[in-house]
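Student: I've got a model open on my screen and I'd like to know where the labels come from. Can we go through it together?

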Amino acid sequence: MNFISTRGKTAGIGFIDTVLMGLADDGGLLIPNEIPHISAARLKEMESLSYQDLAYEVFSYYTNNEIPDEDLKDLIRQSYATFRDPEVTPVKKLTDNMYVMELFHGPTFAFKDVALQFLGNLYAYVSKKQNEIIHILGATSGDTGASAIEGVRGKEGIRICILHPHQKVSRVQELQMTTVDDENVLNLSVEGTFDDCQRIIKDLFADVPFKTKYHLRAINSINFVRILAQTVYYFYAYFRVQKDKPGAKVNFSVPTGNFGDIFAGYLAKRMGLPVNKLILATNENNILERFVLEGVYRPGEFKSTHSPSMDIQVASNFERYLYYLLGENPQQAAAYMEGFKTDGVITIAPELLSRVQADFAAHGVGGEECLATIGSYYREHGYLLDPHTACGVAAYEKCSPAEEVCVTLSTAHPAKFNESIELVGIEQTYPQPIQDLFAKPQHQEIVDSSVEEIVRRLESFYTK
Ligand SMILES: Cc1ncc(COP(=O)(O)O)c(C=O)c1O
Ligand SMILES: N[C@@H](CCOP(=O)(O)O)C(=O)O
């Protein structure tokens, strides 16, 4: 297997080069040249694998033996040893047909840890093996940044700079990122939105001389490894549900912002996992819901919501899905993306819209609906949802027929978003690592949202 760009102008490259390239040099996103298919017989055998063994098998379809088996197993073991639950991503049953998969048992209490603990260790491994300097540049609406920093803080040969939108992340997210005092960490608080932060880093990754000069590496879901690591838990949850309800068709409801997590589900389905429906849950920043319902992809007005990590207009991984929707045609994908850059809109033909609607259902969850869902699940099931997961649960209620089984991805711990939980009148106790953050000093610089300002700051950080 090799990896190619959605825009067709990057020659096929291997797995490690894909990790290091991040964004394809032609500005597209890297994807496997063919998606491996797992037979029904093999899936049956995989049902009883532990999370770590499942991860090893799924990764092995893509790594081309570029990482020796024992090293890969060791990286996986190290990555999931930091999780507080031995199952890594346990699946809990809330009602007869409704499950939540808890993805927040890693060090920073959000689903990002599942992929970023692995990617952080992989970067340290590559840096050591190839004597490579790794300069990480990332954008975050709150969770990716905290998780990536935690994955590489203090690691030799690695520096990390994270851009977050100033005062648009939750208090706990801000503290998780900015109370880290390791010298290899720089937090830039950008006066703008997450979309501004993501646009800046994509511009810098697309500037190949700059990217090469400063050894820039990506931790966002631009990086295919993020997607790959996130496919594993779809397999894991599917197998857990089969144990409970043999033969059940399984839907997944996925809180969505950058389209990475739900794209991982789409990839798992293309690999042969019999996923029934993927339900795309957004908040009021509902560009993706409108795309699924109307076939028009056009950013709307930015809104600050109860689920700030999903306050995203331009979804990075949409381009990966578009590539597959257009029949794996890179010229067409490039033309659509070029059109989006100039006109700010992509409109697809009715026959393509039918395909989108066969792949996804969608629901954009309003603020009141999100809070009401938190309240009702707390009262009726004694289960506290974070606001992102609440969007997933509200979309499950709207889009998954009562007789079908559905797993909602629980993407964060509620303690990260107490601002919203308080509004429902629920008092929660913080886990100790979160409580401890409130006493620590913060380190961050406030910058404007111009590429020039960020470049100036990066140049001094990467050369110090
Ligand atoms: C807690 C939480 N839930 C859901 C999402 C959406 O995931 P994705 O961007 O992969 O669609 C994010 C971040 O984007 C998040 O941090
Ligand atoms: N919600 C994310 C946004 C960045 O998404 P990514 O999956 O591309 O890293 C965050 O918390 O930062």
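Student: Which feature does UniProt place at residues 3-80?

Tutor: This is a predicted model, and the label comes from an unreviewed UniProt entry: "domain: Threonine synthase N-terminal", at residues 3-80. In the model, that span is 46% helix and 8% strand, and its end C-alpha atoms lie 26 Å apart.

Student: Next, Arg320. Why does Arg320 count as buried?

Tutor: The cut-off for buried is 20 or more other C-beta atoms within 10 Å. Arg320 has 25 such neighbours, so it counts as buried. Arg320 is in helix α13 (residues 318-325).

Student: What is Arg320 in contact with, leaving aside its neighbours within four places in sequence?

Tutor: Thr6, Leu29, Ile31 and Phe263. A contact here asks for C-beta atoms within 7 Å, so those four residues meet that cut-off with Arg320. For Ile160, the C-alpha to C-alpha distance from Arg320 is 26 Å, with their places 160 residues apart in sequence.

Student: On to the sheet of 6 strands. What is the strand order?

Tutor: The order is β3-β4-β14-β9-β10-β13, in an open sheet with mixed pairing.

Student: What makes β3 and β13 stand at the edges?

Tutor: β3 (91-95) and β13 (360-364) each have a single partner strand, so one side of each is left without a neighbour in the sheet. On average, neighbouring strands of this sheet are turned by 25° against each other, direction ignored.

Student: How do you know that β3 and β4 pair?

Tutor: Two strands pair if there are at least two bridges between them. β3 and β4 (residues 98-102) have 4 bridges, so they pass, and the sense is antiparallel. Thr95 stands opposite Met98 in β4.

Student: Which helix lies across β3 and β4?

Tutor: Helix α10 (residues 224-244) does, and it also lies across β9, β10 and β14. It runs at about 55° to β3.

Student: Now the ligands. Which residues come nearest to ligand 1?

Tutor: Of the 16 residues around ligand 1, those are Asp143, Asn258, Gly260, Ser309 and Thr411. By class, the shell has 6 nonpolar, 8 polar and 2 charged residues. Helix α11 (residues 260-270) gives the largest share, 3 residues.

Student: How many residues surround ligand 2, and how do they divide by class?

Tutor: Ligand 2 has 13 around it, with Thr140, Asp143, Thr144, Asn220 and Ser221 the closest. The classes are 12 polar, 1 charged and no nonpolar. Here helix α6 (residues 143-152) supplies the largest share, 3 residues.

Note on methods
Residues numbered from 1 in each chain as written. Chains lettered and ligands numbered in written order. Predicted model: local features only at pLDDT ≥ 70, side-chain atom pairs only at ≥ 80, totals over all residues. Near = placed C-beta within 6 Å. Helix = DSSP H or I, 4+ residues; strand = E, 2+ residues; numbered from the N terminus. Nonpolar A, V, L, I, M, F, W, Y, C, P; charged D, E, K, R; others polar. UniProt positions renumbered as here; feature names shortened; annotations may be inferred. Axes fitted to C-alpha atoms, helices over the stretch in contact; angles between N-to-C directions. Contact = placed C-beta atoms within 7 Å. Buried ≥ 20, exposed ≤ 12 C-beta atoms within 10 Å, placed from the backbone.
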